[in-house]
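Please open the structure in a viewer and follow the stops below in order. Each stop suggests a selection and then states what is found there.

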Amino acid sequence: MTVLQTKDELRSLAEQAGRDLEEASPLDILTWAADTFGARFCVTSSMEDAVVAHLASRALPGVDVVFLDTGYHFPETIGTRDAVEAVMDVNVITLTPRQSVAEQDAEYGPKLHDRDPDLCCALRKVKPLEEGLTSYDAWATGLRRDESPTRANTPVVGWDEKRQKVKVSPIARWTQEDVDAYVAEHGVLTNPLLMDGYASVGCAPCTRRVLEGEDARAGRWAGRGKTECGLHG
């Protein structure tokens with residue numbers, strides 16, 4: 001495992017790895033991350049599916065899988081998290097916001113997600129993840145370039161300027177067909193909502209089924225200009 005002392009070293013490493021690993025397989029990318037960072041590496045998962053968690057468990061058995069419990073998740077999403085924890089060789093870590101939904105409602109008024117979804121995401125997603133990643137040098141996501149125009153340039157390894165960490169997106173080059181094939185080959189757990197018209201699963205109040213011809217992210221914050229929660233922007 002490489003011991004890196006400065007943020008400049010981490011940034012340089014991320015940028016070089018992004019170039020070197022562009023054509024590498026997801027498993028090879030994750031093996032590089034495991035070898036480089038060891039316990040200072042984690043996977044984040046929305047529990048839409050467990051593909052990246054499964055891949056990472058092959059590269060680093062017992063890898064930390066960080067899940068944000070916003071208090072607004074579908075029951076199916078919590079069930080997927082519990083199933084992943086039960087059957088996969090990973091260590092699920094659940095992060096929660098500082099305020100419960102009721103406490104947030106008391107301070108900001110009910111249904112903040114309808115009135116100011118950016119603030120709601122900041123309070124219930126962005127801030128908890130920022131705090132939860134403090135003990136890691138690198139984190140992995142399930143971002144794919146084909147999901148939406150805003151993700152089209154996602155590097156397989158890049159530098160997360162906001163958090164000053166290495167950001168690994170091992171399946172960035174995959175298509176939905178690649179994901180489906182991996183799920184079928186390895187029997188990977190997926191959120192039941194994916195079989196019920198949802199192409200991307202987020203918080204229940206801000207997620208709907210997608211219509212034919214829409215991209216995978218169209219069901220998130222539908223009717224608004226918002227396309228990302230702020231975790232990746």
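**Overall view**

In this predicted model, residues 24 or more positions apart account for 68% of the contacts in the chain with a separation of 6 or more. Begin with the whole chain in cartoon representation: eight helices and six strands make up its secondary structure. Read from the N terminus, the elements follow the order α-α-β-α-β-α-β-α-α-α-β-β-β-α. The C-alpha trace spans about 45 × 40 × 35 Å along its principal axes. A compact globule of 233 residues would have a radius of gyration near 17 Å, and the value for the chain, 17 Å, agrees with this. Of the 233 residues, 48% count as buried.

**The sheet**

Next, select the strands. The six strands form an open sheet with mixed pairing, in the order β3-β2-β1-β4-β6-β5. At the edges stand β3 (90-95) and β5 (157-160); each has a single partner strand, so one side of each is left without a neighbour in the sheet. On average, neighbouring strands of this sheet are turned by 30 degrees against each other, direction ignored.

**Strand β1 and its partners**

Now select residues 41-44, which form strand β1. Which way do the side chains of β1 point? F41 and V43 point one way, C42 and T44 point the other way, and all are buried. In a regular strand, side chains alternate between the two faces of the sheet.

Add residues 138-140, strand β4, which runs parallel to β1 and is joined to β1 by three bridges. The bridge partner of C42 in β4 is W139.

Then add residues 63-68, strand β2, which pairs with β1 in the parallel sense over three bridges. Here V43 stands opposite V65. To trace the connection, display residues 51-59: the chain crosses from β1 through this helix, α3, to β2, and the β-α-β crossover is right-handed.

Continue outward from β2 to β3, where the pairing is again parallel and extends over six bridges. V65 stands opposite V92 in β3.

**The helix across β5 and β6**

Select residues 7-20, helix α1, together with β5 and β6 (165-168). Helix α1 lies across both strands and runs at about 150 degrees to β5.

**The nonpolar cores**

Show the side chains of W32, F41, V157, V166 and V168. These have the most contacts inside the largest nonpolar core, which has 42 residues. A second, separate core of eight residues includes C42, L68, L133 and W139. In soluble globular proteins, nonpolar side chains tend to be buried together.

Centre the view on V168. Not counting residues up to four places away in sequence, V168 touches I29, W32, A33, F41, W139, A140, T141, V156 and V157.

**Two residues with positive phi**

Most residues other than glycine have a negative phi. Where in the chain is M47 placed? M47 lies in the loop between β1 and α3. Its phi is positive, about 65 degrees, although M47 is not a glycine. M47 is buried, with a relative accessible area of 1%.

Finally, select Q164, in the loop between β5 and β6. Q164 also is not a glycine, and its phi is positive at about 60 degrees. Is Q164 buried or partly exposed? With 22% relative accessibility, Q164 counts as partly exposed, because the cut-off for buried is under 20%.

Technical notes:
Residues numbered from 1 in each chain as written. Predicted model: local features only at pLDDT ≥ 70, side-chain atom pairs only at ≥ 80, totals over all residues. Heavy atoms only, no water. Core = buried A, V, L, I, M, F, W, Y, C linked by side-chain atoms within 4.5 Å. Buried < 20%, exposed > 50% of the residue type's maximum accessible area, 1.4 Å probe, protein only. Contact = heavy atoms within 4.5 Å. Helix = DSSP H or I, 4+ residues; strand = E, 2+ residues; numbered from the N terminus. Pairing = 2+ DSSP bridges. Right-handed = clockwise from strand over helix to strand, strands pointing away. Axes fitted to C-alpha atoms, helices over the stretch in contact; angles between N-to-C directions. Rg over C-alpha atoms; globule rule 2.2 N^0.38 Å.
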